[in-house]
Amino acid sequence: MSAFTPKSDLLHTLEQRGFIHQCSDFAGLDAKAASGDLVAYVGYDCTGPSLHVGHLISIMMLHWLQKTGGKPITLMGGGTTRVGDPSGKDASRPLATLEQIESNKNSIRKVFSQFLTFGDGRHDAIQPDNAEWLAKLNYIDFLRDVGRHFSVNRMLSMDSVKLRLEREQELSFIEFNYMCLQAYDFVELNKRYGCTLQMGGSDQWGNIVTGVDLGRRLGTGQLYALTTPLLTTASGAKMGKTAQGAVWLNADMLSAYDYWQFWRNTEDADVVRFLKLITLLPLDEIARLGALGGSEINEAKKILATEATALIHGREAAQAAANTAQQTFEAGTLAQDLPRVEIPASQLREGFGILAAFVKAGLVASTSEARRQIKGGGLRVNDAVQSDENAALTPRDLLPEGVIKLSLGRKKHVLLRCAD
RNA sequence: GGAGGAGUGUCCCGAGUGGCAAAGGGGGCGGACUGUAAAUCCGCUGGCUACGCCUUCGUAGGUUCGAGUCCUACCUCCUCCA
């Protein structure tokens with residue numbers, strides 16, 4: 001792969017930006033992409049109400065695909081989610097109900113329009129749901145026409161399955177069938193839309209190649225597999241989850257400010273890699289940012305955060321988040337745009353217990369945790385460290401702006417405000 | 001169907017002798033150092049109306065002053081046999 005110099009704009013771009021982990025046939029795919037009628041898809045589970053930052057890489061790939069003249073398909077896994085993906089999860093996921101899946105699907109859908117142009121044109125993105133064909137499959141027909149092409153021996157050797165077997169963990173039959181359905185999807189998308197490439201994270205390699213294989217046996221013509229590295233930090237931690245939960249892409253599930261903060265806190269070693277993967281900045285600009293030494297790299301992190309946030313929350317919200325951060329962390333002034341929580345004015349007049357206040361603000365999960373944080377010096381009111389867990393907030397704590405600033409650690413702030 | 005083994009703090013792994021809010025990791029959070037970074041060091045990591053009370057060790061009972069630890073039944077998983 002490294003020896004190969006891609007001719008197509010697509011592979012050229014993907015390679016330069018660090019998207020490529022494995023490819024089933026680099027040269028073949030390159031030729032196909034260069035021909036200008038490449039249709040490719042990525043499948044998305046409907047297990048949650050929103051995608052998270054871990055999904056971002058594949059979405060960006062679809063974006064570049066469209067930009068370089070290809071047609072992207074975002075396949076909603078409305079059908080496969082009814083079965084469950086065995087990819088390395090420790091426990092079998094509880095199966096989602098049909099209503100949940102439907103609701104998740106509609107919620108997930110929203111995010112793609114920020115990255116892709118949908119429509120009926122030749123290069124417009126489309127968004128089918130594999131329930132359209134999987135739900136009406138007839139078991140006998142499926143076994144006869146498709147099932148006989150799958151080798152159990154091979155499936156057993158796949159990491160996702162092998163791991164579960166080695167660790168003596170539950171692997172149910174329906175989960176086992178997941179890859180068969182995913183392979184079938186690929187073939188079906190080929191028939192319906194001329195799709196010849198499936199992309200995904202490196203953990204999907206086995207599933208994707210199974211689809212390529214099935215296509216060959218069923219006579220689809222050559223199919224291709226392309227995987228990306230999983231989004232991890234330089235220290236090896238998986239991205240996408242924080243203590244508060246996943247870093248959601250949907251704007252209604254994670255604020256622009258929090259999203260901006262997430263990327264602002266990127267490790268030094270990851271900045272350039274992330275700029276390439278999740279922003280649209282030109283490579284020479286990224287190279288310039290990457291050359292910044294020492295603490296100057298913070299400038300690059302701010303740009304990373306703002307560009308990333310602009311993609312899903314809009315330029316204006318991203319800039320607002322940047323401004324809020326600038327005021328809070330650099331100017332040391334009160335940023336009115338910090339997250340807010342309201343309490344009744346009467347409650348403040350009576351004295352609002354400090355522990356309850358932090359719980360109310362959502363900065364700690366329980367009063368016990370608030371107590372612990374006070375012992376550890378982690379709670380501040382109006383930037384003053386608190387040491388008395390019996391203290392109460394009163395109207396005297398109100399800043400001139402009419403709010404009380406509560407902080408957990410150095411980074412998390414909430415403004416407490418009286419409701420009228 | 002038979003024999004044996006296993007299920008531990010709702011993030012994960014994992015010790016556990018009848019006195020256990022339960023060893024030790026990882027992860028996470030907080031503090032120090034910094035640059036809202038990494039590395040390192042320190043603290044914390046069930047809940048509450050909090051020097052006490054309540055809920056936790058697959059589920060439900062039982063023995064006991066007292067059970068994660070003993071007994072019974074049940075559920076789930078693993079291994080060997082049929």
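Colleague: What pLDDT does chain A average?
Modeller: This is a predicted model: local features need pLDDT of at least 70, side-chain atom pairs count only at pLDDT 80 or more, and totals for chains, interfaces and linings use all residues. Residues are numbered from 1 along each chain as its sequence is written, chains are lettered from A and ligands numbered from 1 in the order written, and side-chain values use heavy atoms, without hydrogens and water. pLDDT is the predictor's confidence in each residue, from 0 to 100. In chain A, 89% of the residues score at least 70, and the average is 88.

Colleague: Over which residues does pLDDT stay under 50?
Modeller: The model has 15 contacts (heavy atoms within 4.5 Å) beyond four places in sequence for this stretch. The stretch is residues 87-93.

Colleague: Which helix gives the most to the surface near RNA strand B?
Modeller: Near means that a residue has a heavy atom within 4 Å. Helices are DSSP runs (H or I, at least four residues), numbered from the N terminus. Helix 12, helix 15, helix 16 and helix 19 each supply at least two residues. With five residues, the most comes from helix 19.

Colleague: How many residues of that surface near RNA strand B are charged?
Modeller: Asp, Glu, Lys and Arg count as charged. Six residues are nonpolar and 14 polar. The charged ones number 12.

Colleague: Which side chain has a polar atom 3.0 Å from a phosphate oxygen of RNA strand B, besides Ser366?
Modeller: Ser366 has a side-chain N or O atom 3.0 Å from a phosphate oxygen of RNA strand B. A second such distance of 3.0 Å involves Lys411.

How values were computed. A polar contact is a pair of N or O atoms within 3.5 Å; within protein, one must be able to donate a hydrogen and the other to accept it, and residues adjacent in sequence count only if both atoms are side-chain atoms.
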